[in-house]
Amino acid sequence: MVAIQTSSTTAPSDPAGQSLESLESRESPACDANRPAVPAASLAGAERLPRRRYRGLRKFMRNKAAVAGAIIVAFAVFVALLAPWISPYDPIATSFLTVRQAPSALHWFGTDELGRDILARMIFGARASLAAGVVSVGIAVIVGVPLGLLAGYFGRWVDAIVSRLADALLSIPFLILAIAMAAFLGASLTNAMIAIGVSAMPRFVRLARAQALSVKAEEYVEGARAIGLTDARIVVRYILPNVLPPIIVQASLTVATAIIAEASLSFLGLGQLPPLPSWGSMLNTAKDFVEQAPWMSIFPGIAIFLTVLGFNLLGDGLRDALDPREQ
């Protein structure tokens, strides 16, 4: 009987069948001492990683001017993409009963010398102006960045040839070179894009070259070269990602310049050909009716001004947000 009473006074068990004493022994400080300690610096670094990841975005969102520029650019892109659905009239439909009518409830921005609705032409003209800016900058980036990376990474005779070519193109004013190339290629929007892209290419060559010269001296690039990685893999995997932030900033700023260049070429008759609309060609037509119909030049001019301002503000905001010195 004594043995039976002694066994009945053992420690109670938890639902899983384990005694509370065994659980307490597992959670004792002696057991914790055998566990590998997690460095406090690692925990702090893990906590800071998400913050670093979104630090640039938060800094960009705090910049009110940059946000305003992004909104303007987004609105212009929205209008250009949805032009067939939001345009109130056909942009090339003429009506001699409504020639040079002032802005009204029927025609919000008035009509031009052929009775065409200016608002409809501005909406469709946004396509030509934005396409000229984006495509021409795309040409400059696709051609200029690889040349700059090759010149900066390999150096020697490759650097000498590419740098002298870029210097020769930079010695000619941007707009003069674009006008000369557009006149040589012929009047069309496509040729204007090519001319603007080639004229803007030296900027990206110089920028990519300078960034490649700086990055290739880093220790991780030397380590990648020491373990036998090919030059192509080093350039694509280690140098190009570090070159992209300044390239993105420069591209956003160059789009604004390209839009002005396209408007200038269209104003001179070297860009979008009539009757298809573009903001520059609308200003070319409006110059003969400044006194009789000032609205023909006011609204396209405002559109060019706001779009260029938006891209400039966006570029400045991206430059501040992606600045490595602030990381």
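Accessible areas here come from the Shrake-Rupley method with a 1.4 Å probe. I note at the outset that I am working from a predicted model.

**Entry 1, the whole chain**

I looked up the surface before anything else, and I find that the protein chain exposes about 18,500 Å², of which carbon and sulfur atoms supply 67%. Turning to burial, I read that 37% of the 327 residues of the protein chain count as buried. For the secondary structure I noted 15 helices and zero strands. I then checked how far apart in sequence the contacting residues lie: among contacts in the protein chain with a separation of 6 or more, 69% are accounted for by residues 24 or more positions apart.

**Entry 2, the salt bridges around Asp 112**

I counted the salt bridges next, and the structure holds seven. Which residues are linked in a network of salt bridges? I wrote down Asp 112, Glu 113, Arg 116 and Arg 121. Within this group, I looked up the pair formed by the side chains of Arg 116 and Asp 112, which meet with an N to O distance of 2.8 Å. Asp 112 also forms a salt bridge with Arg 121, and there I recorded 3.9 Å between the closest N and O atoms, a value that still counts because the cut-off for a salt bridge is within 4 Å.

I then asked myself whether these residues are buried or exposed. Asp 112 and Arg 121 are both buried; for Asp 112 I have a relative accessibility of 4%. Arg 116 has a relative accessible area of 7%, and so I list Arg 116 as buried too, the limit for that term being under 20%.

**Entry 3, Arg 206 and Asp 167**

I moved on to another salt bridge, the one that Arg 206 forms with Asp 167, in which the closest N and O atoms are 3.0 Å apart. Arg 206 lies in helix α11 (residues 189–215) and Asp 167 in helix α9 (residues 156–170), so I note that the pair ties together parts that are 39 residues apart in sequence. As for exposure, Arg 206 is partly exposed at a relative accessible area of 41%, and Asp 167 is likewise partly exposed, at 29%.

**Entry 4, Ser 278**

Last, I looked up Ser 278, which I located in the loop between α13 (231–267) and α14 (279–286). I find Ser 278 buried, with a relative accessible area of 0%. What does Ser 278 touch, not counting residues up to four places away in sequence? I listed Gly 125, Ala 128, Glu 262, Ser 266 and Gln 272 as the residues that Ser 278 touches on that basis.

Key: Residues are numbered from 1 along each chain as its sequence is written. This is a predicted model: local features need pLDDT of at least 70, side-chain atom pairs count only at pLDDT 80 or more; totals for chains, interfaces and linings use all residues. Side-chain values use heavy atoms; hydrogens and water are left out. Helices (H or I, at least four residues) and strands (E, at least two) are DSSP runs, numbered from the N terminus. Buried means under 20% relative accessible area, exposed over 50%, partly exposed in between (1.4 Å probe, protein chains only). Contact means heavy atoms within 4.5 Å.
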